[in-house]
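Below is a briefing on selected local features of one protein chain, written for a reader at the bench. Please look through the sequence and the model before turning to the notes that follow.

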Amino acid sequence: QASNLGLSPAMAAEWVHGTVATEAVQVLQQLSNHAALPTLGSSPGAWCYFAVSILTAPMMLLFIGALVAVFESPLSSCCQPRRSVAAPSASKAAFRRLLAVWALALAVLGAGATIACIEGFASYKMFASDVHRSLDDLHRADYLASSINETGTLALGSIAGLVQSCPKDAQPFMEEAIKSPLHTGRKYLKLAADYSAIISKLPARAQVVQSYLELTGSAILALTVLPFLLVFAALLAVGFVAFVSLRQSKGIRGRRPSRLASCCVALIPSVVLCVSGFAAMNLLVASSAAAVCVAPSTTLLSYPGHSLGFKSTAYNVTSYYLEGRDDLKASASLAKASVLLSELVGHLEEYSQDLKQLCDGWDAAVSALKPQLQSLQDSVAQCQLLISPKNIYPYWEVTIHENLCGAATWSMSIAVLAQVILAFFCLPLVAAVAKNLLAHLGAEAQSRELALEQRWAWKTKSSQDLEEGVSEVVLGRPLPSSPVAVRAQDDLPVIPSVIEAERSI
């Protein structure tokens with residue numbers, strides 16, 4: 001376990017680098033009980049242990065998020081005032097507390113989203129550039145294989161034409177001399193044709209794989225970004241309704257907080273549950289990636305070994321590039337072909353002076369053959385560079401070591417950490433403080449309404465007393481209660497009979 005978590009065992013080949021476990025991989029391995037991705041031939045028990053180890057932490061995270069969402073209202077009631085405070089200073093203090101908590105949540109959101117998105121986009125761009133480079137190499141390999149096949153066919157014809165440039169008595173000797181090169185050339189041409197038939201199908205398959213991988217990368221990126229957008233929308237909604245409620249509560253005619261404000265705050269538990277679900281999925285993906293990073297080459301080699309056979313070409317190629325085992329058959333064939341071509345060119349240079357005196361058309365035949373041999377040498381050299389470990393191994397190193405076990409796991413780990421802080425601490429705190437503010441605003445509105453009712457009752461009573469006095473003293477009979485009783489005290493002076501009664505008294 002410890003050796004797997006640190007450096008991979010020393011490899012035989014110089015191009016193979018050990019896998020270094022980053023801090024994110026180490027933490028994720030601790031959370032998943034050091035689970036490593038089983039090989040293809042592992043027992044069902046090993047796969048069950050891996051599944052349970054990988055799913056334990058995400059399920060606990062989701063369970064805690066559900067508990068926070070369910071008990072958010074009882075927990076937020078602890079922050080509510082024990083008695084209604086109707087002073088405007090209390091609502092202003094509550095609004096300042098909400099601004100502070102809102103700014104804290106926004107800071108956590110901004111920091112987590114920025115780091116996670118920067119690392120995520122860097123990982124995605126790294127992956128996209130590797131995919132494009134691999135497609136370019138496949139197209140180039142297809143072109144080189146076809147070029148070797150076509151040029152080799154022409155070169156064999158030119159070598160056979162060397163015989164025709166010599167006199168008939170020398171042709172048997174020349175035929176015997178070129179018999180071995182022709183046989184070797186035809187064997188290599190058949191091998192080149194076989195490789196060309198295989199390579200010609202790879203670009204189309206690689207494009208299909210590219211589309212699936214791009215879709216997977218986009219899904220993981222969306223899984224990282226969507227929770228932050230959801231939290232940002234919730235924070236904006238709470239801040240907006242709090243500001244509007246505070247503005248509407250000002251003045252003598254201030255109103256109670258609207259139902260929309262209460263509904264927006266009541267939706268916070270749903271947001272907490274959704275963010276917890278996204279965090280659990282991100283943690284599951286990150287833990288799976290960390291399980292691959294424990295021993296990536298061993299894990300990957302098991303799949304072609306068990307599915308195609310440990311003596312298959314696919315296993316030979318994979319083990320050669322990833323761990324430096326055995327020798328690559330294609331590389332050995334190209335190296336031998338390069339040596340044979342060099343020997344053939346050297347023999348032509350060595351015997352040309354003697355043969356051109358014997359054969360009249362030797363110079364013309366050799367002039368046609370030399371460019372073909374030079375083209376073959378160039379194509380073989382390019383193929384050697386193309387399939388060399390220095391060109392192929394960086395795909396594995398960048399994709400697995402630097403991307404999957406580096407930027408990708410780091411991005412998802414930061415996203416999970418920020419989402420946990422937002423869901424378990426920031427959002428419930430924002431909801432509690434927002435409810436506190438709405439409670440203070442409601443108390444102020446209730447106090448204003450009670451004061452207005454008391455003033456209205458006092459005005460109504462004063463009007464009724466005045467009406468009774470006027471009816472008894474001046475008129476000697478009670479006046480109708482309407483319209484005088486229903487009018488405010490400020491409206492009474494507009495009635496002439498009341499003015500005259502007041503003057504007489």
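Is His-34 buried, partly exposed or exposed, judged by its relative accessible area? His-34 is partly exposed, because its relative accessible area is 24%. The model is a predicted one, and the points below treat its loop residues, a kinked helix, a disulfide, two aromatic pairs and two buried polar residues.

**The loop between helix 2 and helix 3**

- His-34 lies in the loop that runs between helix 2 and helix 3, and it has a positive phi of about 55 degrees although it is not a glycine.
- Asn-33 is found in the loop between helix 2 (23–31) and helix 3, and its phi, near 60 degrees, is likewise a positive value in a residue other than glycine.
- With a relative accessible area of 43%, Asn-33 is partly exposed, since the class of partly exposed residues covers the range between 20% and 50%.

**Helix 12 and its kink**

- Helix 12 spans residues 329–358, a total of 30 residues, and reaches 41 Å from its first C-alpha to its last, which is close to the 44 Å expected at 1.5 Å a residue.
- Even so, helix 12 contains a kink of about 60 degrees, and this kink is centred on Ser-352.
- Ser-352 is also one of the buried residues of helix 12, a list that includes Ala-330, Leu-334, Ala-337 and Leu-341 as well as Leu-344, Leu-348 and Leu-355.
- As general background to such spacing, an α-helix has 3.6 residues a turn, so residues three or four places apart point the same way.

**The disulfide and other cysteines**

- The count of disulfides comes to one, and it is formed by Cys-293 and Cys-405, whose sulfur atoms are 1.9 Å apart.
- This pair links distant parts of the chain, for Cys-293 is in helix 9 and Cys-405 is in helix 14 (residues 389–475), with the two cysteines 112 residues apart.
- The link of Cys-293 and Cys-405 is left-handed, with -105 degrees about the S-S bond.
- Cys-293 is buried because its relative accessible area is 5%, and Cys-405 counts as buried because its relative accessibility is 1%.
- Two further cysteines can be placed by accessibility: Cys-383 counts as buried at 11% relative accessibility, and Cys-426 is buried with a relative accessible area of 7%.

**Aromatic pairs**

- The structure holds two aromatic pairs; in one of them the rings of Trp-47 and Phe-50 have their centres 6.3 Å apart and their planes at 90 degrees, so this pair is edge-to-face.
- Trp-47 and Phe-50 both lie in helix 3 (residues 44–70), where they are three residues apart, about one turn of the helix.
- Trp-47 counts as partly exposed because its relative accessibility is 31%, whereas Phe-50, at 11% relative accessibility, counts as buried.
- Tyr-124 and Phe-127 form an aromatic pair that is tilted, with 6.3 Å from centre to centre and 50 degrees between the planes.
- Because Tyr-124 and Phe-127 are three residues apart in helix 5 (residues 88–164), they are separated by about one helical turn.
- At 25% relative accessibility Tyr-124 counts as partly exposed, whereas Phe-127 counts as buried at 15% relative accessibility.

**Ser-287 and Glu-72**

- Ser-287 lies in helix 9 (residues 268–293), and it counts as buried because its relative accessibility is 1%.
- A polar atom of the Ser-287 side chain lies 2.8 Å from the backbone oxygen of Leu-283.
- When residues up to four places away in sequence are not counted, Ser-287 touches Leu-28 and Ile-54.
- Glu-72 lies in helix 4 (residues 72–76), and this residue counts as buried because its relative accessibility is 2%.
- With residues up to four places away in sequence again left out, Glu-72 touches Pro-269, Pro-428, Ala-431, Ala-432 and Lys-435.

Notes. Residues are numbered from 1 along each chain as its sequence is written. This is a predicted model: local features need pLDDT of at least 70, side-chain atom pairs count only at pLDDT 80 or more; totals for chains, interfaces and linings use all residues. Side-chain values use heavy atoms; hydrogens and water are left out. Helices (H or I, at least four residues) and strands (E, at least two) are DSSP runs, numbered from the N terminus. The expected span of a helix is 1.5 Å times one less than its number of residues. The bend at a residue is the angle between axes fitted to the seven residues ending there and the seven starting there. Buried means under 20% relative accessible area, exposed over 50%, partly exposed in between (1.4 Å probe, protein chains only). A polar contact is a pair of N or O atoms within 3.5 Å; within protein, one must be able to donate a hydrogen and the other to accept it, and residues adjacent in sequence count only if both atoms are side-chain atoms. Contact means heavy atoms within 4.5 Å. A disulfide is a pair of cysteine sulfur atoms within 2.5 Å. Rings of Phe, Tyr and Trp (its six-membered ring) pair if their centres lie within 6.5 Å; planes under 30 degrees apart count as stacked, over 60 as edge-to-face and the rest as tilted.
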